[in-house]
Amino acid sequence: MKPANAESLAHLITELDLVPALPVADAMREVGPNGSPEALGQALVRREVLTGFQLERLLKGQRHGYRYGNAKLLYQIGAGSFSRVYRAIDVETGAILAVKVLRNRYVTDEEKCRAFRHEGQMGCLLRHPNIVAIHDVGEEGGASYLTMEFVEGQTLRELVKLRGALDLPKALDLIHQIAAGLEYAHRRGVTHRDMKASNVIVSSTGQAKLVDFGLAGVDESGDGALGRVDKPRTVDYAALEKLTGTKDDAVRSDIYFLGAIAYLAIAGVSPLKETRDRNERSEPRRYTEVVPLAQRMPELPREVSDFISRMMSLDVMERWQTAAEVTRRVEWLMVKVAGAPAVEHGPTASADHKGSVMLVESSTWCQEVLRGFFKKIGYRVLLTDNLQRALTRFSRLPYPADCLVMSSHSLGAAAVEAFNQLSTDPILADVPAILLADSRQGEFEATTQVDARRRFVLMPIRTADMEKILTDLASRRG
């Protein structure tokens, strides 16, 4: 029932626990109990305790769709065929979240509900700085929802539409990040099956993140964490695999469409005719008529156009076979062609510095806190948010820093996995390293591989104790 006056709207707001009692009482004094519900609502919107989205629903008398789990919806930020996406706030922690809600018309469609939950399960499995993290999968008021990491930014498709072709160093950096996220997923046995520019979000700080694993499948050669699942794929993947005679070739199909994303970033146009018509998308001619990047951009370094062409080869045996191969190649291109440094300047000790650390952490706030901590004890700090990039830099001599410090604060289990790689990769065996975990992540210690060159450190820790650890690790370098 629609609220008849300000007082009935105030009761509804209080009952739904949308706004604290004090601002409601303050707004009620302004408009009076017999004032209009619209007037009370606008007063609360002016006080920034109610959003226009919430008010619109309240004035219609809607009692559901404000909260999903701990997330309180603020406003809609996107919509697709099957779901809507909202910006939300965690009522317990105050953190900003994104909430994806299945549309009402699919609530009784078990197949759609199952696919939606599958997307959530896949996302919960994957924790990597270049993949949007999903925190919770649930149902509220009969509606299925996912709560996930909120990324302030835009899709790669929107970015290219706005700016056109990206400059080569920027494009290669984004391609490297996307490939790193895909490599991580593939190592876990998870294929994406819907790689496209609109499923890559680029944050305001330039970090690329893969989103929407809704069509993802688990490869039996992976860790099998989700068990056996069906392997759906987009019509684009199905058409490509039919043309190349490689049914369910998800890993190499992901690589093909990663190549299409890279082509778009560098050329500013899609290599494939863009259409929503399913018949046109399934037409083999769409793939055989791709204009080679070298022809479209003859001024482009040949190594780059060859790299993209190989990703998009219709001969699957000529295509890059793994995302790891793609990642390594684009790292080479970033050095060879785009002018990125192969390594940071080697570790230096001066009158102002006892040594240096490379810190891997994706949270800007946490980066600043830890930078200050290490600077306080006299160490120069190099920063990166990419675990695999850090490992690559330490795979070559001279090392870019005296010690590699990985923080699991925001990177979670991905930091543990990368840290453990130091013990299993002979090239990285001599790298001095520390895994930092916060007080809520003590369980990581049981799965962390430590030895004379690698330490697990639970924060907080005294500066004197950290300085002692760094000194000890430095003394053990070969």
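**Group meeting talk: helices, a sheet and a few loops**

Hi everyone, let's start in a loop: Glu-48 sits between α3 and α4, the latter covering residues 52–59. Before I go on, please keep in mind that this is a predicted model. What is phi of Glu-48 near? Phi is near 60° there, a positive value in a residue other than glycine. And is Glu-48 buried or exposed? With a relative accessibility of 73%, Glu-48 counts as exposed, because the cut-off for that word is over 50%.

There is another residue to put beside that one. Asp-17 is in the loop between α1 and α2, and phi of Asp-17 is near 55°, again a positive value in a residue other than glycine. Asp-17 has a relative accessible area of 46%, so Asp-17 is called partly exposed.

Now to the helices around those loops. In general, two packed helices are described by the angle between their axes and the distance between the axes. Take α1, residues 6–15, and α2, residues 21–31. At what angle do α1 and α2 pack? The angle is about 175°, and the axes are 11 Å apart. That angle is over 145°, so α1 is roughly antiparallel to α2. On the α1 side, the contact is made by Ala-6, Glu-7, Ala-10 and Ile-13, while α2 brings in Val-24, Met-28 and Val-31. Sorted by character, the residues of this contact are 6 nonpolar, no polar and 1 charged.

Next, α1 with α3, which spans residues 37–46. Here the packing angle is about 50°, with the axes 7 Å apart. An angle of about 50° is neither under 35 nor within 65 to 115 degrees, so α1 and α3 are described as oblique to each other. For those of you who like handedness, the crossing of α1 and α3 is right-handed. Which residues meet there? From α1 we have Ala-6, Leu-9, Ala-10 and Ile-13, and from α3 we have Pro-37, Leu-40, Gly-41 and Leu-44. That contact divides into 7 nonpolar residues, 1 polar residue and no charged ones. If you compare the two lists on your screen, Ala-6, Ala-10 and Ile-13 of α1 appear in both.

Let's move along the chain to the sheet. As a general reminder, strands of a sheet pair through backbone hydrogen bonds, either parallel or antiparallel. What is the strand order in our case? It is an open sheet of 5 strands, running β13-β12-β14-β15-β16 with parallel pairing. The edge strands are β13, at 379–384, and β16, at 454–458, and each of them pairs on one side only. On average, neighbouring strands in this sheet are turned by 25° against each other, direction ignored.

I'd like to spend a moment on β15, residues 433–437. On one side, β15 runs parallel to β14, residues 403–407, and 4 bridges join the two. Within that pairing, Val-405 has Ile-434 as its bridge partner, and Met-406 stands opposite Leu-435. β15 also pairs with β16 in the parallel sense, over 5 bridges. In that pairing, Leu-435 stands opposite Phe-456.

How many residues of β15 are buried? The count is 5 of 5, so the strand is mostly covered, where buried means under 20% relative accessible area. Ala-433, Leu-435 and Ala-437 point one way from the strand, with Ile-434 and Leu-436 pointing the other way. Which helix lies across β15? That is α18, residues 413–424, which lies across β14, β15 and β16 and runs at about 160° to β15.

Two more stops before coffee. After β16, have a look at Pro-460, in the loop between β16 and α19, which covers 463–475. The peptide bond joining Met-459 and Pro-460 is cis, with omega at about 5°.

Finally, Ser-253, found in α9, residues 250–267. Is Ser-253 buried or exposed? Its relative accessible area is 1%, which is under 20%, so Ser-253 is buried. What does Ser-253 touch? Leaving aside residues up to four places away in sequence, Ser-253 touches Tyr-237, Leu-240, Glu-241 and Arg-319.

That's my tour, thanks for listening!

Definitions and conventions:
Residues numbered from 1 in each chain as written. Predicted model: local features only at pLDDT ≥ 70, side-chain atom pairs only at ≥ 80, totals over all residues. Heavy atoms only, no water. Axes fitted to C-alpha atoms, helices over the stretch in contact; angles between N-to-C directions. Helix = DSSP H or I, 4+ residues; strand = E, 2+ residues; numbered from the N terminus. Left-handed = near helix turned anticlockwise from the far one by under 90°. Contact = heavy atoms within 4.5 Å. Nonpolar A, V, L, I, M, F, W, Y, C, P; charged D, E, K, R; others polar. Pairing = 2+ DSSP bridges. Buried < 20%, exposed > 50% of the residue type's maximum accessible area, 1.4 Å probe, protein only.
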